[in-house]
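Here is a short briefing on helix packing and pocket lining. Please have the viewer open as you read.

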Amino acid sequence: MSNQVRCGRVLIGGNAPISIQSMTNVDSRDENLLINQINELEEAGCDIVRIAIPDEESAKTLGKIRKMTDMPLVADIHFDYRLAILAMENGADKIRINPGNIGGRDRLKKVVDFAKKKNIPIRVGVNSGSLSRDIISKHGGVTPEGLAESAINTLKVIEDMGYDNLVLSIKSSNVTMNYKAHLLAKDKINHPLHIGITESGSSNNGKIKSAIGIGGLLLAGIGDTIRVSLTDNPIEEVKFAKKILETLDIRKKQIEIVSCPTCGRTKIDLISLVDKVEKVLEQVEKERKLLNLKPIKVAVMGCVVNGPGESREADYGIAGGRGEGIIFAKGVIIKKVPEEDLVEELIRIIKSDYE
C-alpha cells in the first residue's frame with residue numbers, strides 16, 4: 001500500500017478510493033469559461049481537475065476560481081518555476097511539474113521548499129517522450145527500463161530535498177511499454193501512482209488504449225488515481241474513466257446493461273433498441289442514485305435463446321421476437337409488447353418499483 005496524500009478534499013493513495021481526474025481545455029485566463037467547465041466536469045463525476053498555467057494571468061485566475069469551487073485543483077506547470085510558486089500562492093491543491101524542464105536544481109528546490117511550507121503535494125511526471133539523453137543512451141532507446149529508472153531518479157531528487165508529499169506519474173503512448181515500466185517501478189517506490197496512457201489519440205482509439213492500459217494496471221493492483229487522455233471533450237474522459245472503474249467493479253454502477261451480439265436469429269432491431277435503452281436509462285440512473293437505491297442489472301437480448309437465461313441473472317430484461325418482445329422482471333415474464341413500445345414499457349416497469 002502506498003503513502004497517502006491529500007489533494008484538497010480528495011485523498012490519493014493508501015486505502016483511499018481510486019479517483020478520476022481530467023484537465024480543462026478552455027483558456028486558463030478566462031474565469032467564466034474555466035469555472036463553467038470545472039462545474040461540468042464535477043457534474044460528470046470528476047474528482048480532481050487539472051488546469052494548465054502557462055503565464056502569470058492564468059495563475060491569478062486560478063486564485064479567483066479557488067474562491068468559487070471546492071473542487072480539488074491541480075496546477076500544471078512547465079518551464080517557469082515562478083508560476084509553480086504563484087499557483088500555490090493562489091490556492092492550488094497540488095502542482096504537476098516535470099523537474100527536467102523547470103529550470104535547474106536551484107529553481108526546483110525553490111518550488112519544493114514552497115510546497116513543503118504549504119504542505120502541497122507535487123505530482124512528478126515522467127513521459128516516454130521526455131526521457132533524458134543519458135537514459136536513452138544507456139538503455140539503447142526509449143524502453144520500460146529507462147522509464148522506470150527515470151521515474152525513480154526523479155523522485156529521489158525531490159526526496160533528497162527533504163520532501164516526500166509526492167505523486168508519481170509514468171506515462172507512455174505505448175500500452176505495453178507503459179505496463180512494463182509500472183511493473184518495474186512499483187516495488188521500488190511508496191508514493192501514490194497517477195496512471196493513464198498519454199497521447200492516446202482520437203476518442204475511439206484512445207478509449208481502446210486507455211481501457212487496456214489503465215484496466216491492465218488496475219487489475220495488477222497498480223494505480224491510485226486515473227486520467228483517460230482523449231483528443232475529445234474532457235467530459236468524455238470522465239465518463240469513460242467511470243466506465244473503466246465500473247467494469248472492474250472498483251466502482252458500483254447504478255444500472256448495468258448487458259446485451260447480446262446480433263446473429264441470424266435476431267428478428268428485432270437490436271442495435272437501435274440497445275442504444276435507446278442506454279439513453280433513457282441515464283435519467284433513471286440519476287433518479288435511483290438520488291434515492292440511494294441498490295444497483296440493478298438490465299438485459300436486452302435479441303431472441304429467446306439467451307433471453308430467458310439472462311433474465312434470471314438480471315433484475316429486468318427484454319427478449320426480442322419478430323416485431324415484438326417479451327419483458328422480464330426478476331426472472332418472471334411480465335408481458336409481450338410490440339417492438340415500438342418495448343423501451344417505454346420497460347422503463348415504466350422499472351420505475352414502478354421505486355416511484
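The notes below cover three helix pairs and then the largest pocket.

This is a predicted model, in which local features need pLDDT of at least 70, side-chain atom pairs count only at pLDDT 80 or more, and totals for chains, interfaces and linings use all residues. Residues are numbered from 1 along each chain as its sequence is written, and side-chain values use heavy atoms, with hydrogens and water left out.

**Terms**

- Helices (H or I, at least four residues) and strands (E, at least two) are DSSP runs, numbered from the N terminus.
- Axes are lines fitted to C-alpha atoms, for helices over the stretch in contact, and angles run from 0 to 180 degrees between N-to-C directions.

**α6 and α7**

- The axes of α6 (residues 144-159) and α7 come within 8 Å and cross at roughly 50°.
- That makes α6 oblique to α7 (angles under 35 degrees count as roughly parallel, over 145 as roughly antiparallel, 65 to 115 as roughly perpendicular, the rest as oblique).
- Pro144, Glu145, Leu147, Ala148 and Ile152 of α6 contact Met177, Lys180, Ala181, Leu184 and Ala185 of α7, where contact means heavy atoms within 4.5 Å.
- This contact of α6 with α7 has eight nonpolar, no polar and two charged residues. Ala, Val, Leu, Ile, Met, Phe, Trp, Tyr, Cys and Pro count as nonpolar, Asp, Glu, Lys and Arg as charged, and the others, Gly among them, as polar.

**α7 and α8**

- Helix α7 (residues 175-185) and α8 cross at roughly 15°, and their axes come within 10 Å.
- α7 and α8 are therefore roughly parallel to each other.
- On the α7 side, the contact uses Val175, Asn178, Tyr179 and His182. On the α8 side, it uses Lys209, Ile212, Gly213, Gly216 and Leu217.
- The residues of the contact of α7 with α8 are four nonpolar, four polar and one charged.

**α8 and α9**

- Helix α8 (residues 203-219) packs on helix α9 (residues 234-247) at about 40°, with the axes 10 Å apart.
- That makes α8 oblique to α9.
- Lys207, Ser210, Ala211, Ile214, Gly215 and Leu218 in α8 meet Glu236, Phe240, Ile244 and Leu245 in α9.
- The contact of α8 with α9 divides into six nonpolar, two polar and two charged residues.

**Largest pocket**

- The largest pocket holds about 1,200 Å³ of space.
- Its lining has 31 residues, and Lys242, Lys243, Glu246, Lys253 and Glu285 lie nearest the centre.
- α1 (31-44), α9, β11 (255-259) and α10 (270-290) each supply at least two lining residues.
- The lining of the largest pocket has nine nonpolar, two polar and 20 charged residues.
- A pocket is an open set of points on a 1 Å grid over the protein atoms alone, where a 1.4 Å probe fits, with protein on both sides within 12 Å along at least five of seven lines; lining residues have an atom within 4 Å of a point.

Note on methods. Grid points are joined across faces, edges and corners, and a volume is the space filled by probe spheres set on the points.
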